[in-house]
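Work through the exercises below with the structure open. Each task is followed by a solution in steps.

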Amino acid sequence: MMMGLGVTQVGIAWFALRRGATWGFWALVLSNFLYIPYAIAITSTFASFGVMITFMELFFYVIFPLPLVLALVLGWMGLQRMERGGVLV
């Protein structure tokens, strides 16, 4: 299932975002940030069974969102540039 979602992400980025479709940008933003409630649910389930939270779980909450925020900013800048008539290759 995750492979299918990854292929969908690449497809939306290639065919929609690359052509300047705003819906593609927001679809990617939403889908990329939806991992947070999923990660919280999984972590709390493991914690209920006594599994200790380690650095790897913190990675998903602290370090992993940084590239997402960067992609959000760069994607928004790219869309603004295309609206002003700029060309993205």
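**Exercise 1.** Is Ile53 buried or exposed?

Solution. The model is predicted, and the values below are computed from it.
Step 1: Locate the residue. Ile53 sits in the loop between α3 (35–48) and α4 (55–63).
Step 2: Read its relative accessible area, which is 51%.
Step 3: Apply the cut-off. A residue counts as exposed when this value is over 50%. Ile53 is therefore exposed, at 51%.

**Exercise 2.** Determine which nonpolar surface patch includes Ile53, and give its accessible area.

Solution.
Step 1: List the members. The patch is formed by Ile53, Phe55, Met56, Leu58, Val62 and Ile63.
Step 2: Take the area for the group. Together these residues have about 590 Å² of accessible area.

**Exercise 3.** Find the cavities of 30 Å³ or more and describe the lining of the largest cavity.

Solution.
Step 1: Count. Searching the whole structure gives 1 cavity of 30 Å³ or more.
Step 2: State the volume. The largest cavity holds about 30 Å³ of space.
Step 3: Name the lining. Thr43, Phe46, Val51, Met52, Ile53 and Glu57 line this cavity. Ile53 thus appears both in this lining and in the nonpolar patch on the surface.
Step 4: Sort by character. The lining of the largest cavity has 4 nonpolar residues, 1 polar and 1 charged.

**Exercise 4.** Describe the largest pocket: its volume, its lining and the helices that contribute.

Solution.
Step 1: The volume of the largest pocket is about 750 Å³.
Step 2: Its lining consists of 22 residues, and those nearest the centre are Met2, Ser31, Leu34, Tyr35 and Tyr38.
Step 3: At least two lining residues come from each of α1 (2–15), α2 (22–33), α3 and α4.
Step 4: By character, the lining of the largest pocket splits into 15 nonpolar, 6 polar and 1 charged.

**Exercise 5.** Compare the settings of Val29 and Ile36, then find a residue that lies far along the chain from each one.

Solution.
Step 1: Val29 belongs to helix α2, while Ile36 belongs to helix α3.
Step 2: Val29 has a relative accessible area of 17% and is buried, because buried means under 20%. Ile36, with 28%, is partly exposed.
Step 3: For Val29, take Leu72, 43 residues away in sequence; the C-alpha to C-alpha distance is 6.8 Å.
Step 4: For Ile36, take Tyr61, 25 residues away along the chain; their C-alpha atoms are 7.4 Å apart.

How values were computed:
Residues are numbered from 1 along each chain as its sequence is written. This is a predicted model: local features need pLDDT of at least 70, side-chain atom pairs count only at pLDDT 80 or more; totals for chains, interfaces and linings use all residues. Side-chain values use heavy atoms; hydrogens and water are left out. Patches are made of residues with over 30% relative accessible area and no salt bridge: like charges are joined within 9 Å, nonpolar side chains (Val, Leu, Ile, Met, Phe, Trp, Tyr) within 5 Å. Accessible areas come from the Shrake-Rupley method with a 1.4 Å probe; for residues, only the protein chains shown count as cover. A salt bridge is a side-chain nitrogen of Lys or Arg within 4 Å of a carboxyl oxygen of Asp or Glu. Helices (H or I, at least four residues) and strands (E, at least two) are DSSP runs, numbered from the N terminus. Buried means under 20% relative accessible area, exposed over 50%, partly exposed in between (1.4 Å probe, protein chains only). On a 1 Å grid over the protein atoms alone, a cavity is a set of points where a 1.4 Å probe fits but cannot get out, and a pocket is an open set with protein on both sides within 12 Å along at least five of seven lines; lining residues have an atom within 4 Å of a point. Grid points are joined across faces, edges and corners, and a volume is the space filled by probe spheres set on the points. Ala, Val, Leu, Ile, Met, Phe, Trp, Tyr, Cys and Pro count as nonpolar, Asp, Glu, Lys and Arg as charged, and the others, Gly among them, as polar.
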